[in-house]
Every structure is written in structure tokens, then in C-alpha cells.
Amino acid sequence: MSHTSNLILPSLLAADWSQVAAEVRRAEEAGAKWLHLDVMDGSFVDNISFGPQMVQVVRKCTSMYLDVHLMIHRADHYLERFIKAGADNITIHVEADYETSVSATLKRIRAAGRHCGIALHPDTPFEAALPYVNDIDLLLVMTVVPGFGGQPFMEKETMPKLAAARDHRDVHGLSYHLEVDGGIYTHTAPVARRHGANLFVCGTSSFGPPDMKEAIRGLEEAVAAA
Ligand code: DX5
Ligand code: ZN
């Protein structure tokens, strides 16, 4: 998929975990093509979610593209487990600790035939991504402090950075996706679209409403009209 196409990605964090398989099917039947999976280690972020075993369970339930967002230290130490579990894209944070390095980890993800991304915390400037922009398929600009769903969209803190990333990418003829994650609803997705985003991670706004198909359609329409 090209960075000029827009996509709504439901985030499993907001699903009903008492029936994960049914929730994954609900997302697929609602028309989602990519599913976003948030891995949290209780150290890099102040919350613990799930690990490679959950990614593997989800992989067995769906053929959707699995976009795995690692909010963990030492992603390089755990990498093979997520690759084996069936992640299609693996995004790592530039602020996290590594046994090797961000660059070495990105190389290993690609060598395994998967897509790779880097993520920026709301406090991290776009410049922190510069050493990696030639080696990524996706840049995730976090629009909330990573760790929890249901937080408000940090427009002032993150939109100038998103626009700077878009401008830098386009001037240099690069083609990575620009993804936003956190507080994305029908009123905030168009703002992110106008600043360059094409991948919209939606937790509460997709899994929350009873009719997910309607929710995704509403988000798609809001983005298309931006
Ligand atoms: C937050 C996660 C998000 C989360 C977004 O740290 O990275 O993916 O699921 O949730 P909402 O859409 O509810 O803000
Ligand atoms: Zn996420």
C-alpha cells in the first residue's frame, strides 16, 4: 500500500479482551485491512499489555496486516519472537534502550522480510528520526503519551512535527507512511490528515461504538473530506 492512500487501523488495546478472537473478526468484518497491536512492557511505558503470544493468537484469527507497535525496551532482544508470531510491520521507539541499536534492529526486521517503522514520543523532535528515514516503511508520530488508550489528542505538541516529517519526506522523494496514534476521532483525524498522516490508529473510536463498520466508515469519510 502506498503512502498516498489513507487507512483506518483499529487498535486491539480498545477491544473486549474477554473475546479477542471475536473482536479481531469484528474488525475484519467491519472492513479493516490493518490491525494495530500495542505491546507494552511496564518499563518503557507505565502499563503492561501483551507480548508475542497474543500476536500469534491474533495471527491465527485473521489475514489482516498486523501492525505491531513495540513500546518496550530491548526490542532487539525480543525481536525474533514477534517476527515468528507473524507481525507484518514492527515499529520501535527511538527513545527506548537497545542491546544493539535502532539501526541494527531496523535492518534485522527488513532482513526477516517484514516492514519496519520508528515511533516518536510527543516530546521527541522530528530530528531524532533523521538518521533512520532512508531505512523505514513507516514513521509513527504519537499523538498522546504512549501507554494508555482514551487520552486526548495533543494537537499543538505534535502537528507541527507531523507536517515537518511530511515536508522532509516529500522534498527528499521518500515514501514511508506517516501514522498517528492516540486520540484519533472523526474531529481529530482530519487535522492529522491535513498535516500529512495517512495511517490513523483508532482504539476507542473504532472498537468503542457498537457498529464498528459504521465507525470506520465515518472515520474514512472524515479523512477523505479533510
Ligand atoms: C497508546 C497506544 C494506542 C492506543 C490508542 O499508547 O499506542 O495505540 O490504542 O487508543 P485511543 O485511540 O483510544 O487513543
Ligand atoms: Zn499504538
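Here are a few exercises on the structure above, each with a worked solution.

Before you start: this is a predicted model, where local features need pLDDT of at least 70, side-chain atom pairs count only at pLDDT 80 or more, and totals for chains, interfaces and linings use all residues. Residues are numbered from 1 along each chain as its sequence is written, chains are lettered from A and ligands numbered from 1 in the order in which they are written, and side-chain values use heavy atoms, with hydrogens and water left out.

**Exercise 1. Work out which residues are closest to ligand 1, and which strands supply residues of its shell.**

Solution.
- Step 1: Start with the shell, taking a residue as near if one of its heavy atoms lies within 4 Å. Ligand 1 has 20 residues around it, and the closest are Ser-11, Asp-38, Gly-147, Asp-181 and Thr-204.
- Step 2: Sort them by type, with Ala, Val, Leu, Ile, Met, Phe, Trp, Tyr, Cys and Pro as nonpolar, Asp, Glu, Lys and Arg as charged, and the others, Gly among them, as polar. You get 8 nonpolar, 10 polar and 2 charged residues.
- Step 3: Now the strands (DSSP runs of E, at least two residues; helices are runs of H or I, at least four, and both are numbered from the N terminus). S2 (34-40), S3 (65-71) and S8 (199-202) each bring at least two residues to the shell, and S2 gives the most, with 3.

**Exercise 2. Find the polar atoms that lie by the oxygen atoms of ligand 1, then say how much of the ligand the protein covers.**

Solution.
- Step 1: Look at the side chains. A polar side-chain atom of Asp-38 is 2.6 Å from a ligand oxygen, and an N or O atom in the side chain of Asp-181 is also 2.6 Å from an oxygen of ligand 1.
- Step 2: Check the backbone. At Gly-150, a backbone N or O atom lies 2.9 Å from a ligand oxygen.
- Step 3: Add up the cover, using accessible areas from the Shrake-Rupley method with a 1.4 Å probe. On its own, ligand 1 has 380 Å² of accessible area, and the protein covers 99% of that.

**Exercise 3. Trace the side-chain partners of His-36 and His-177, and decide whether each histidine is buried or exposed.**

Solution.
- Step 1: Place His-36, which is in strand S2. With a relative accessible area of 0%, His-36 is buried (buried is under 20%, exposed over 50%, partly exposed in between, with a 1.4 Å probe and protein chains only).
- Step 2: List its polar contacts (N or O pairs within 3.5 Å; within protein, one atom must be able to donate a hydrogen and the other to accept it, and residues adjacent in sequence count only if both atoms are side-chain atoms). The side chain of His-36 contacts that of Asp-67 at 2.9 Å and that of Asp-181 at 3.1 Å.
- Step 3: Turn to His-177 in strand S7 (residues 177-181). His-177 is buried at 7%, and its side chain makes a 3.0 Å polar contact with the side chain of Asn-198. A polar side-chain atom of His-177 also lies 3.3 Å from the backbone oxygen of Met-1.

**Exercise 4. Asn-134 and Asn-198 both sit in loops: which loop holds each, and is each buried or exposed?**

Solution.
- Step 1: Asn-134 is in the loop between S5 (115-120) and S6 (138-142), while Asn-198 is in the loop between helix H6 (189-194) and S8.
- Step 2: Asn-134 counts as exposed because its relative accessible area is 58%. Asn-198 counts as buried because its value is 0%.
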